[in-house]
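Subject: Structure handover

Hello,

Please find the structure below. My notes on it follow.

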Amino acid sequence: MTLLTVRNLVVDFSSGVRAVAGLDLDLAAGQVLGVVGESGSGKSVTSLALLGLLPRDARASGEIRFDGRELTRLDQRALRRLRGNRIAMVFQDPLSCLNPYYPVAFQIAEAYRAHHRAGRKAAHRVAVRMLERVGIPEAERRARSYPHEFSGGMRQRVMIAMALCLEPDLLIADEPTTALDVTVQAQILDLLRELRRETGTAIMLITHDMGVVAGLADQVVVMRDGRAVERGAVRDVFHRPQQPYTRGLLACVPRIDGPLPHRLPTLSETA
Amino acid sequence: MSARVAGSTRAGSRTAGTAQVPVLRRLLSQRATALALATVALLVLVALAAPLITWLTGSSPTAFHGETVDPALGGLPRGTAGGISAEHWLGVEPVNGRDVLARVVYGARVSLLVAVLATAVSTLLGTALGLLAGFLGGWADTLIGRLMDLLMSFPSLIFMIALISAAPGADRRLLLITVLGLFGWPYVGRIVRGQAMVLARGEFVAAARVLGASRRTLLLREVLPNLTGPVLVVATMSIPACIATEAGLSFLGVGVQPPTPSWGQMIASAVPWYASDPAYFLIPGVLLFVTVLAFNVLGDAVRDALDPRSKPR
Amino acid sequence: MILYLLRRLAVTAAVLLVICAATFAIFYLMPADPAQGACGKACSPERLATIRATLGLDRSPFTQFGDYLGGILSGRAFGSGAAAVQCPFPCLGFSFQTNQPVWELLTSRLPVSISIAVGAAVLWLAVGVAAGVVSALRRGSLWDRAAMTAALGGVSLPIYFTALVLQYLLVVQLNVLPYPTAVPLTEDPIGWAQSMVMPWITLAMLYSGVYARVTRSEMLESLGRNYVRTARAKGLAEVTVVRRHALRPALMPIVTIFGMDLGALLGGALITESVFGLPGVGKLAADAIASADQPVILGVTLFAASFVVLANLAVDLAYAALDPRVRAVG
């Protein structure tokens with residue numbers, strides 16, 4: 001069953017930059033779609049457009065069909081009820097994405113209470129349970145800590161707990177591991193994989209790292225200059241890339257089992 | 001004073017370039033800024049040409065014109081709106097009948113002179129000490145930093161009053177410039193210190209050091225030119241603050257002493273007459289307001305032009 | 001936290017001591033003769049000598065400073081025997097012109113200054129912050145431009161000019177308000193408010209401008225923060241996003257300048273009080289300057305400086321209470 005269909009999405013900035021230029025996407029319920037591309041290829045702008053969170057100087061057009069509803073035609077109220085509740089988002093830099101003035105549990109409970117009739121205490125219990133679930137040790141005690149008191153990986157776990165506390169149908173993860181240390185990256189990917197298995201949430205995984213896609217995604221879309229240049233099942237795209245650009249992206253992933261290249265290739269040579 | 005707080009700007013971490021031509025063009029492209037610039041230019045012109053103007057109108061700022069006031073009414077100027085006439089374009093003072101235009105024009109002289117020189121003092125002092133603190137670090141930084149904190153947490157207005165009133169007989173203009181400069185430099189120093197600290201660790205300074213440049217050369221050739229932007233911003237903001245403070249002090253009687261005219265002092269002497277002769281306080285008051293406003297608009301524009309992301313703080 | 005508090009208190013005390021010494025030094029080193037000031041205009045040489053001895057001006061500056069500090073801490077007497085003048089704790093000097101201890105003069109004037117400062121602060125905080133928030137939310141709109149123009153105008157207004165214009169319009173021309181007089185709030189609340197309205201507006205016109213400008217730019221900065229985007233992505237109502245996630249961080253710098261401004265005003269709104277003739281601490285200072293009553297000038301300076309320094313302390317403590325990151329360091 002199709003959960004999300006994007007047709008001919010175009011996003012223009014008032015500066016004249018066309019960040020997304022006619023993008024089509026399809027995502028089935030419970031599936032993981034990897035959206036890959038260099039920085040500036042329009043991935044993040046696409047994700048913000050889906051939630052209606054584009055900056056003031058950007059205009060979006062095209063169709064965004066989510067669970068049978070056309071999002072571009074919804075008013076702010078309806079869109080707000082969708083955000084967090086049905087479509088949740090995890091961003092790249094968890095430190096700047098968490099508000100430094102509030103304890104983490106409060107920020108999770110706040111998301112919960114925005115969509116459920118729940119008292120402070122009930123929401124707090126939900127938050128603590130979510131923190132436990134994403135693997136925060138001593139969640140009960142740590143719930144009242146502030147973001148700056150957590151490590152980078154733990155903060156991203158908090159962000160994921162916040163995104164998943166409402167059991168959304170779709171989780172958009174925009175470079176969820178980029179700002180983290182390598183070992184922590186693996187842990188966060190494991191967590192996402194595990195949560196996906198348990199909850200059946202569909203994930204749109206935005207990244208520049210083909211390695212991340214390989215470990216998690218079912219389908220992949222390769223973006224360049226606001227367009228999809230290649231798409232298909234992860235297995236096919238990885239084994240038989242059609243586009244030189246995709247081959248370039250793949251070549252950027254260092255492999256432990258392959259021969260060591262003299263020099264890491266750069267995209268400008270291959271594309 | 002609070003105007004000070006608003007005026008002292010954190011000029012942002014980005015170092016503004018020294019490309020003056022585009023900055024000037026940007027300044028002139030905005031109508032309000034162009035108007036402010038014109039006002040300031042006119043003011044400077046008037047202040048410079050004060051003797052010429054009084055020669056033209058034929059009345060010096062200190063000459064009494066007893067015939068223009070009515071002793072029966074306690075010395076109220078004869079005629080409408082404070083005695084405005086062909087001889088006295090802006091009217092005359094009550095009681096002694098001195099020409100308001102002449103006094104206002106000479107007052108502009110005092111205002112601008114004090115503000116510009118005080119700003120020069122605070123800018124020089126702030127740049128020198130800020131550079132020392134930021135560039136040397138260590139105990140020099142601690143000492144200068146503490147001194148700046150202390151000066152900025154002083155209730156400066158009342159302290160200036162104390163300082164000035166404890167020194168009767170001294171040249172008030174000189175004293176005003178010294179005191180304003182003394183309390184103004186930490187606002188410059190704080191910004192210069194911050195910038196110098198960043199710059200001292202900057203790559204181009206490191207590069208110059210590797211090439212064997214001496215400390216002095218580094219300071220003069222590499223660091224100082226990069227400070228012109230932020231310092232220009234604070235200096236522009238400091239001028240209206242100084243004008244306002246000078247006028248305030250003169251209003252309170254601890255500024256410029258009569259017979260030398262000053263706007264603040266004129267307004268003070270207009271207080272007993274405000275009900276019967278409102279023109280007498282309105283003329284210097286409006287002038288003072290317009291002057292400070294013009295400089296503030298200009299200061300905002302300079303800040304925006306040099307650093308679009310900056311914010312008044 | 002307690003350690004932090006103690007350290008801050010120690011620093012505050014040190015700053016006060018430095019200010020005390022600096023103020024004292026100004027009056028000692030400057031050519032003005034305090035005895036002459038105390039004696040008044042018509043002064044015989046004998047009386048001058050007596051006053052000089054009474055004030056202890058013939059002793060070394062360090063002794064005098066020591067005496068002064070001692071007076072603040074435990075009170076002192078000027079002169080000796082039957083002619084001695086008692087100056088009880090905390091002795092900030094004695095005004096021979098008015099025959100009153102400076103502390104008594106200050107405390108009797110304080111209620112007026114507090115009335116002016118607090119009322120004006122409430123007004124400018126409400127107007128300034130609200131205008132700044134709306135401007136930031138509707139950046140570039142007609143409202144924004146109008147409000148920011150007004151704010152810049154307010155910042156540029158000399159307060160004595162505003163005061164005179166207000167008094168001329170409201171009292172002389174329109175006759176809607178009486179001339180301000182010092183009416184205690186407890187005796188006649190309406191009369192008190194009527195007297196205070198003009199000083200409040202006068203000060204608020206200046207300070208609202210400052211606060212609107214600061215609030216606007218702080219709000220613009222915090223609205224662009226990533227955590228505000230997160231708050232929207234969670235599906236929070238826009239009101240909650242603005243109030244909880246954008247305004248709260250934006251208010252932090254405002255707390256700083258508010259503390260400083262209020263502290264400075266509590267120590268006397270010199271110009272406002274002078275123009276309206278309200279007998280607050282500021283008017284006391286202005287009068288003392290006019291009559292060269294040095295002990296009073298010295299006392300007011302110290303008194304006002306203490307307010308500013310204590311406001312600094314209060315701001316730091318407020319920061320520790322409001323910002324969890326500062327709390328962690330302290």
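How many residues of chain C are in contact with chain A, and how many of chain A with chain C? The contact involves 18 residues of chain C and 23 residues of chain A, where two residues are in contact if their C-beta atoms, placed from the backbone, lie within 7 Å. On the side of chain C that touches chain A, two or more residues each come from helix 9 (226–233), helix 10 (238–266) and helix 14 (324–329) of chain C. Helix 9 of chain C gives the largest share, six residues. By class, this side of chain C has seven nonpolar, four polar and seven charged residues. Ala, Val, Leu, Ile, Met, Phe, Trp, Tyr, Cys and Pro count as nonpolar, Asp, Glu, Lys and Arg as charged, and the others, Gly among them, as polar.

Before going on, some conventions. This is a predicted model, in which local features need pLDDT of at least 70 and side-chain atom pairs count only at pLDDT 80 or more, while totals for chains, interfaces and linings use all residues. Residues are numbered from 1 along each chain as its sequence is written, and chains are lettered from A and ligands numbered from 1 in the order in which they are written.

Chain C also touches chain B, through 49 residues of chain C and 43 residues of chain B. Helix 13 of chain C contributes the most to the chain C side of this contact, with eight residues. That side has 37 nonpolar, nine polar and three charged residues.

Taken singly, chain C has 14 helices and four strands, and chain B has 12 helices and four strands. Helices (H or I, at least four residues) and strands (E, at least two) are DSSP runs, numbered from the N terminus. Of the 330 residues in chain C, 45% are buried; for the 313 residues of chain B the share is 51%. A residue is buried if 20 or more other C-beta atoms lie within 10 Å of its own, exposed if 12 or fewer, and partly exposed in between, with C-beta atoms placed from the backbone. The C-alpha atoms of chain C fill a box of roughly 80 × 60 × 40 Å along the principal axes.

The largest nonpolar core (buried Ala, Val, Leu, Ile, Met, Phe, Trp, Tyr and Cys residues joined through C-beta atoms within 7 Å) has 251 residues. A:I108, A:A127, A:C165 and C:V300 touch the most other members. Leaving aside residues up to four places away in sequence, the contacts of C:V300 include B:I158, C:L106 and C:V281.

Chain A has a mean pLDDT (the predictor's confidence in each residue, from 0 to 100) of 85, and 93% of its residues reach 70 or more. Among its elements, helix 12 (residues 267–270) has the lowest mean, 54, and helix 4 (residues 104–113) the highest, 92.

Chain A also holds an open sheet of six strands in the order 6-7-8-3-9-10, with mixed pairing. Two strands pair if DSSP finds at least two bridges between them. Strand 3 (residues 32–36) and strand 9 (residues 219–224) of chain A pair in the parallel sense over four bridges; A:V36 has A:V222 as its bridge partner in strand 9.

Lastly, A:V234 lies in helix 10 (residues 234–239) of chain A. A:V234 is partly exposed, with 19 other C-beta atoms within 10 Å. The C-alpha atoms of A:V234 and A:L33 are 9.0 Å apart, although 201 residues separate them along the chain.

Regards
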